[in-house]
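Trainee: I've got a structure open and I'm not sure how to read it. Can you walk me through it, starting with how two helices sit against each other?

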Amino acid sequence: MWRKIKWGLGLLVVTLVAAFLHYTLPQRDVVRITNTYNRLTTVGTENSWAYASPDSGTAESVQTRDIRFIEAIRPNNRVIVYRNEDTGWVWPPYFKYDSSNLQAEASNARSTSAAPEWVVVTHYGWRVPLISIYPNAVKVTPVSGPDVSLIPWLNMVILLALGLFLVMLWRMLAQFHERTIDPALDRIGDTIDEVDARADGLWARFSGWLNSWKGKPRR
Amino acid sequence: MIGAFRFAIFGLILLIIFYFLVSIYSRSVQRETLEKRFDAGGVEGDRDAYIAQGMAVYEKSLRKRLIWLVFVIPMVFVGVTVYLVNYQ
């Protein structure tokens, strides 16, 4: 029973961490941009976490704001819509403040199905129509065709660095435990033993004294 | 712009804290190594003096200076990210 609960909790944590990384790390799509525009958008409580925080450049207001969007189509003819907002300076750590320029580049890369121009859109985030959230486009780069293969080197490096950082933290904690906490616990243990021994000595002397009041066995 | 300043200040405070934690860790590892080397035997002289001398050497070593990478790596990362995202 407890084993199952423990495994369940572990699985939940792993899933949450994986989802968090999948949302935050950059991804690249090969798409053809079909339209770029601004739309007055109301951000609700259920999806505000997936929009720019109110203090970053393009987000003028908490609730209703004018957001730039980029509409695109994938090689398999399925559509995708990106938003294009500044990220601000804390999270996610893209430090993006050139949304207007990016929008201009995206508009420049618009093409029709008759004369397609393919681009790679670097972005983070998810498209979830149910709660109206959009991935945030970070970069638009022209590519030769829809068949280019992209290797996520950057993500490999980031994940490796995160792993090394965790190992480092683990080692630091282990060292602190071994060199600081354990000796302190030992000292406390020693002190308790000493007090115990001294109490034993006192008790022996006290019971000896008590015994001295006993009469000598009669002959 | 205010956001950038706030990020810089809080980031710097975090890095300073992390720098001190890593320094303490590195020093502790060094001391442990010295203790074990002395206790393994074959070293002449007083234990405390041996460790004190080893720690003095460590304070000037390359390994101690490499801890400055705690500042360098995140700052370079942020700088490169800002450049790649906004200026290319």
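Mentor: Sure. To compare two helices, we use axes, which are lines fitted to C-alpha atoms over the stretch in contact, and the angle between their N-to-C directions runs from 0 to 180 degrees. Keep in mind that this is a predicted model. Here, the axes of helix H3 (residues 153-212) of chain A and helix H1 (residues 2-39) of chain B come within 10 Å, and they cross at roughly 55 degrees.

Trainee: What do we call the way H3(A) and H1(B) lie to each other?

Mentor: Angles of 65 to 115 degrees count as roughly perpendicular and those under 35 as roughly parallel. H3(A) and H1(B) are therefore oblique. As for handedness, H3(A) passes H1(B) in a left-handed crossing.

Trainee: Which residues make the contact?

Mentor: On H3(A), look for Met172(A), Gln175(A) and Arg179(A). From H1(B) come Leu21(B), Tyr25(B), Ser28(B), Val29(B) and Glu32(B).

Trainee: And how many residues of each chain are in contact with the other chain?

Mentor: People often give the size of an interface as the accessible area lost when the parts come together. Here we'll just count residues: 14 of chain B are in contact with 16 of chain A. On chain B's side, H1 and helix H4 (69-86) each give two or more residues. H1(B) gives the most, with nine.

Trainee: Now chain A by itself. What is chain A built from?

Mentor: Three helices and five strands. Starting at the N terminus, the order is α-β-β-β-α-β-β-α.

Trainee: Why is chain A described as spread out rather than as a compact globule?

Mentor: Compare its radius of gyration with a rule for globules. Chain A comes out at 33 Å, well over the 17 Å the globule rule gives for 219 residues, so it is more spread out than a compact globule. The C-alpha trace spans about 130 × 40 × 35 Å along its principal axes, and 19% of the residues of chain A count as buried.

Trainee: Where should I look for a core?

Mentor: In soluble globular proteins, nonpolar side chains tend to be buried together. The largest nonpolar core here has 18 residues, and Ile33(A), Val121(A), Ala137(A) and Val140(A) touch the most other members. Elements of chain A that each supply at least two residues include strand E1 (27-42), helix H2 (99-108) and strand E5 (136-142). The largest share, three residues, is from E5(A).

Trainee: What is Val121(A) in contact with, beyond its neighbours within four places in sequence?

Mentor: Its partners are Asp29(A), Val31(A), Ala72(A), Tyr82(A), Ala137(A) and Val140(A).

Notes. Residues are numbered from 1 along each chain as its sequence is written. Chains are lettered from A and ligands numbered from 1 in the order in which they are written. This is a predicted model: local features need pLDDT of at least 70, side-chain atom pairs count only at pLDDT 80 or more; totals for chains, interfaces and linings use all residues. A nonpolar core is a set of buried Ala, Val, Leu, Ile, Met, Phe, Trp, Tyr and Cys residues joined through C-beta atoms within 7 Å. A residue is buried if 20 or more other C-beta atoms lie within 10 Å of its own, exposed if 12 or fewer, and partly exposed in between; C-beta atoms are placed from the backbone. Helices (H or I, at least four residues) and strands (E, at least two) are DSSP runs, numbered from the N terminus. Two residues are in contact if their C-beta atoms, placed from the backbone, lie within 7 Å. The radius of gyration is taken over C-alpha atoms; the globule rule is 2.2 Å times the number of residues to the power 0.38. Angles under 35 degrees count as roughly parallel, over 145 as roughly antiparallel, 65 to 115 as roughly perpendicular and the rest as oblique. A crossing is left-handed if the near helix is turned anticlockwise from the far one by less than a right angle, and right-handed if clockwise.
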